[in-house]
Amino acid sequence: MGKAVKEILKSTVISIGMALTIFSLVGMFFDIVNGGNFSMEGYQFTKMVAGSAIVGIGFGVPTVVYNSEKLPTPIKVIIHMGIGCAVYTAVAYAVGWFGGAATPVQGLVIAGIQLAVAFVIWFCFMRYYRKEAKQMNEDFKEEARKQGYILNSFAYTKKEKKSKG
C-alpha cells in the first residue's frame, strides 16, 4: 500500500473516530438535558451513526490536499473545509440534525455552532502539526550541529577543520 493511501486511511479513520465521539457526546448531552427521555424512531439512531461516519469520511479524505506543495495553504484549507462542511451539511439535513421543528434562525445558529466546531478541530490539528514540524526542524538542526555542520545561507555545509601551521 502506498504512502499516500496510508495517509488518507489514517486521517479518515481519525476523522471518523472524532465524528462518532462528538456524536456520542452530543447525544449524551441531549439525554441529560431531556432527563433521560431521549428517544428516536424509525432507525433514526442508526441513520445518525452512519451519518457521523460519512461526515468523518467527508473531513478525512480531503486532507490529501495538504500533501500538495503546489497549492498555497489557504487554498488547501478552503478545499478541505469546503468539502467537509458540504458533506456535513448534506448529512445534517438528511439525518435530521437540522430538525424541521427549528426556525430558520435556529437552524442558522445550529449550523454556525457546528461549523465553528469543525474549524476549532481543524485549528487544533494545525497547531499540533506546526508544533511537530518545528520540533523536527529543531532536532534536525541540533543533529547537524553535533555532526559538525553549519547553516550557510540556505544549506548545511560541513565545518572545515583548521589546519595547524
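Reader: Is Val-117 buried, partly exposed or exposed, and how should I read the value behind that label?

Author: Val-117 is partly exposed, with a relative accessible area of 37%. The label follows from cut-offs, because buried means under 20% relative accessible area and exposed means over 50%, with partly exposed in between. Please keep in mind throughout that this is a predicted model. As for its place in the chain, Val-117 lies in helix H4.

Reader: Which residues form the nonpolar patch on the surface?

Author: A patch of this kind is made of residues with over 30% relative accessible area, so the 37% of Val-117 is enough for that condition. Here the nonpolar patch consists of Ile-22, Val-26, Phe-29, Phe-30, Val-33, Phe-38, Val-105, Val-109, Ile-113 and Val-117, which together have about 870 Å² of accessible area. Two elements, helix H1 (3-33) and helix H4 (104-146), each give two or more residues to this patch, and H1 gives the most, with 5 residues.

Reader: How many helices and strands does the protein chain have, and in what pattern do they follow one another?

Author: The protein chain has 4 helices and 2 strands, and along the sequence they are arranged as α-α-α-α-β-β. Of the 165 residues in the chain, 20% are buried.

Reader: At what angle do H1 and H2 pack, and how far apart are their axes?

Author: H1 and helix H2 (residues 44-60) pack at an angle of about 140°, and their axes are 7 Å apart. Angles over 145 degrees count as roughly antiparallel, and since the angle in this pair stays below that cut-off, H1 and H2 are described as oblique to each other. The crossing in which H1 passes H2 is right-handed.

Reader: What is the phi of Tyr-43, and where in the chain is this residue found?

Author: As a general idea, most residues other than glycine have a negative phi. Tyr-43 departs from this, for it has a positive phi of about 60° although it is not a glycine. The residue is found in the loop between H1 and H2, and Tyr-43 counts as exposed, at 68% relative accessibility.

Reader: How far apart are Ala-86 and Phe-59 in sequence and in space?

Author: Separation along the chain and separation in space are best read side by side. Ala-86 and Phe-59 are 27 residues apart in sequence, while their C-alpha atoms are 9.6 Å apart in space. Ala-86 itself lies in helix H3 (residues 73-95), where its relative accessibility of 47% makes it partly exposed.

Notes: Residues numbered from 1 in each chain as written. Predicted model: local features only at pLDDT ≥ 70, side-chain atom pairs only at ≥ 80, totals over all residues. Heavy atoms only, no water. Patch = residues over 30% accessible without salt bridge, like charges linked within 9 Å, V, L, I, M, F, W, Y side chains within 5 Å. Areas by Shrake-Rupley, 256 points an atom, 1.4 Å probe, with all protein chains shown as cover. Salt bridge = Lys/Arg side-chain N within 4 Å of Asp/Glu carboxyl O. Buried < 20%, exposed > 50% of the residue type's maximum accessible area, 1.4 Å probe, protein only. Axes fitted to C-alpha atoms, helices over the stretch in contact; angles between N-to-C directions. Parallel < 35°, antiparallel > 145°, perpendicular 65-115°, else oblique. Left-handed = near helix turned anticlockwise from the far one by under 90°.
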